[in-house]
Amino acid sequence: MSRGAIKGQDSWDRNERLGILNGWGVFIGDGFLNVTVVVSGFASRLGAPNWVIGLLPAIAGGGWMLPQLLVAARVRSLPHKLPVYRSAATVRTLTYLAMALIAAFLADQPALCLTLFVLAMLINSLASGVAGLPFLEVVSKIVSSERRPRFFGTRNLYGGLLAFGAGLLVRWILGSDLQFPLNYALIFGLGAAAYTYGYWIFGRVDEPPDPPQEAQGYRAEFRAIPETLRDPHFRAFLSVRLLLAGASMSDPFFAVYALRVLEFPPAILGAFVMALTGAAPLSNIVWQRVAERKGSRRIIRYASVFYGLAPLYAAVVGVLGLGKWAYLGVFLLTSVAAQGFNLGHTNHLLNIAPPNARSRYIGTLNTLVGAALFTPVLGGLIADRFGYLPVFAISLLLCAGAWWQCGKLRRDA
C-alpha cells in the first residue's frame, strides 16, 4: 500500500501519515509472526509441551507491558520520547533476525532451538515494552483526541488488508515444497523485514517537545501507584483489562487444538492468519463508527462478547466435527474482538488519563495487566492435564465477567 493511498484522507499531516505507514509495516509483520498461530504452530512442530506454547503469547504480551512503569519513570522528564523508541526498535529488529536464523539452523536440536527462540522472544518483548509507552506518548502529541478514532481506524483498516496478504503468503509457503524448518525461517525473515520498515518510518516523526517535568525516579513511580488506583475510572478500566487478560489463556491453543486434536494439515495455519487479518478491515470500519458515536466503553463491551464466543465456537466445532473451514470462525471472532480492543483500550486509557500523569497511568496499567497475561501458561498446564475444552470454558467465563464490569467504565471516555 503506497503513501498515496492515504493522501485522500481529509487533511492528514506528515506526522499522522508516518504513524499510519508505521501501522501498515507492523500489521504485515504481525501477519507473518502471529504468535498464537504461526509461532505456536512452529513450536508445536518442534514438539513443545502446551505450557511452553502458552508461554509464547505470555512473553509477547506480558513482556510488552511489565517494564512500562519503569519506562514511565525514565521518559517522564524527557521533552522528546522518540529517541527511546528508536533505540528499542533497533533491539527488536536484531531479535527478529535472530529468530529467523535460529529457526533455519537449529531446528534439528528442538530443545536448544526452543530455548534460544524463547530467549530472543523475551528480549524482543521487553524491548517492545520500552518502545510502547514512548509510542503512545508521541501519538497522543501528534494526533488530537478528536482524530484518534479515525487515525487508528485508518491505520488498522489498510494494515489489516496488507496483513491478509501476509496470510496468503504464509499459507502458500507452508503448503509449498519448501521443507521444515526453512519454510518457517522464510516466514520469520519476511516478518522481520516488515517490522523494520514500520519502526524506521515512525522514527522519522517530528515530535513536538513536552513542557519540562521534574524527574521522579523509579521509587516515586511505584509510590504513586496507590494514588493512581484511587481514580475510580482507572480502577474500573483495570478490572476489565485484568479479566480480559485472564481470558487470553485460550488464544495460543486454538491453532494447537486444530493441529493436534482435530488433525488439520499445517498449511491451514495460513488460512487462520487470513481469517484473522481478513476480518480486521471490515470490523475496523464498524468499530471506528461505534467509537465516534458511542465512545470507547461501548466498543470494549461489544468486543468482550465476540472474544467470549471464540472459545465456545472452537469447542462446538471440535465436538461436532464440523471441519477445518467451519473452524475459521474461531479466528474471525477473535479478530473482530482484537480490533475492537485495540481501538477501545487505547482511546479509553488516553481519554481517562490526566495529561500531566499520562505516562504514570499507561505504565501502571500495563505493568499490572502484564502479569495477568501469563495465564496462557496456566492454560497450557490445564490443557496438558485435562485437555483443551476446560481452558476454553474458563476463557468464556472470564469474558462474561469482563462484559459485566464494562458497565462501570466511564461513559464519556
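Over the face of which residue does R301 lie, and at what distance from the ring centre? I looked this up first in the model, which is a predicted one. R301 is placed over the face of W403, and the distance to the ring centre is 4.3 Å.

**Entry: helices α14 and α18**

I then turned to the helices that hold these two residues. R301 belongs to α14 and W403 to α18, and both are listed among the residues through which the two helices meet. Helix α14 covers residues 296–320 and helix α18 covers residues 389–405. I noted an angle of about 160° for their packing, with the axes 8 Å apart. An angle over 145 degrees counts as roughly antiparallel, so α14 is roughly antiparallel to α18. The crossing of α14 past α18 is left-handed. On the α14 side, I recorded further contact residues including S304, Y307, P311 and V319. The α18 side contributes, among others, L389, F392, C399 and W404.

**Entry: helices α3 and α17**

I examined a second helix pair, α3 (residues 50–65) and α17 (residues 375–386). Their packing angle is about 160°, and their axes are 7 Å apart. The two helices are therefore roughly antiparallel to each other. I noted that the crossing of α3 and α17 is right-handed. In α3 the residues that meet α17 are N50, W51, G54, L55, P57 and A58. Their counterparts in α17 are P376, V377, G380, L381, A383 and D384.

**Entry: aromatic pairs**

I searched the whole structure for aromatic pairs and obtained 26. For F117 and F188, the ring centres are 5.4 Å apart and the planes stand at 45°, so I entered this pair as tilted. F117 lies in helix α6 (residues 110–142) and F188 in helix α8 (residues 182–202), so the pair ties together parts that are 71 residues apart in sequence. F117 and F188 are both buried.

I next looked up F135 and F202, which also form a tilted aromatic pair, with 4.8 Å from centre to centre and 50° between the planes. This pair links distant parts of the chain, with F135 in helix α6 and F202 in helix α8, 67 residues apart. F135 has a relative accessibility of 13% and therefore counts as buried. F202 is at 0% relative accessibility, so F202 counts as buried too.

I also recorded a cluster linked by ring pairs: F253, F254, Y257, F264, F272, Y327, F331, Y388 and F392. F392 appears again among the α18 residues that meet α14.

**Entry: R45 and F180**

I checked another arginine against a ring. The charged end of R45 sits over the ring of F180, at 4.4 Å from the ring centre.

**Entry: T90**

I located T90 in helix α5 (residues 82–106). T90 has a relative accessible area of 47% and is partly exposed. Between the C-alpha atoms of T90 and T196 I noted a separation of 8.3 Å, although the two residues are 106 residues apart along the chain.

**Entry: P208**

I found P208 in the loop between α8 and α9 (217–223). Its relative accessibility is 33%, so P208 counts as partly exposed. Leaving aside neighbours within four places in sequence, I listed P79, H80, K141 and I142 as the contacts of P208. P208 and L229 are 21 residues apart along the chain, and I noted 30 Å between their C-alpha atoms.

Technical notes:
Residues numbered from 1 in each chain as written. Predicted model: local features only at pLDDT ≥ 70, side-chain atom pairs only at ≥ 80, totals over all residues. Heavy atoms only, no water. Phe/Tyr/Trp six-rings, centres within 6.5 Å; stacked < 30°, edge-to-face > 60°. Helix = DSSP H or I, 4+ residues; strand = E, 2+ residues; numbered from the N terminus. Buried < 20%, exposed > 50% of the residue type's maximum accessible area, 1.4 Å probe, protein only. Lys NZ or Arg CZ within 6 Å of the ring centre and 35° of its normal. Axes fitted to C-alpha atoms, helices over the stretch in contact; angles between N-to-C directions. Parallel < 35°, antiparallel > 145°, perpendicular 65-115°, else oblique. Left-handed = near helix turned anticlockwise from the far one by under 90°. Contact = heavy atoms within 4.5 Å.
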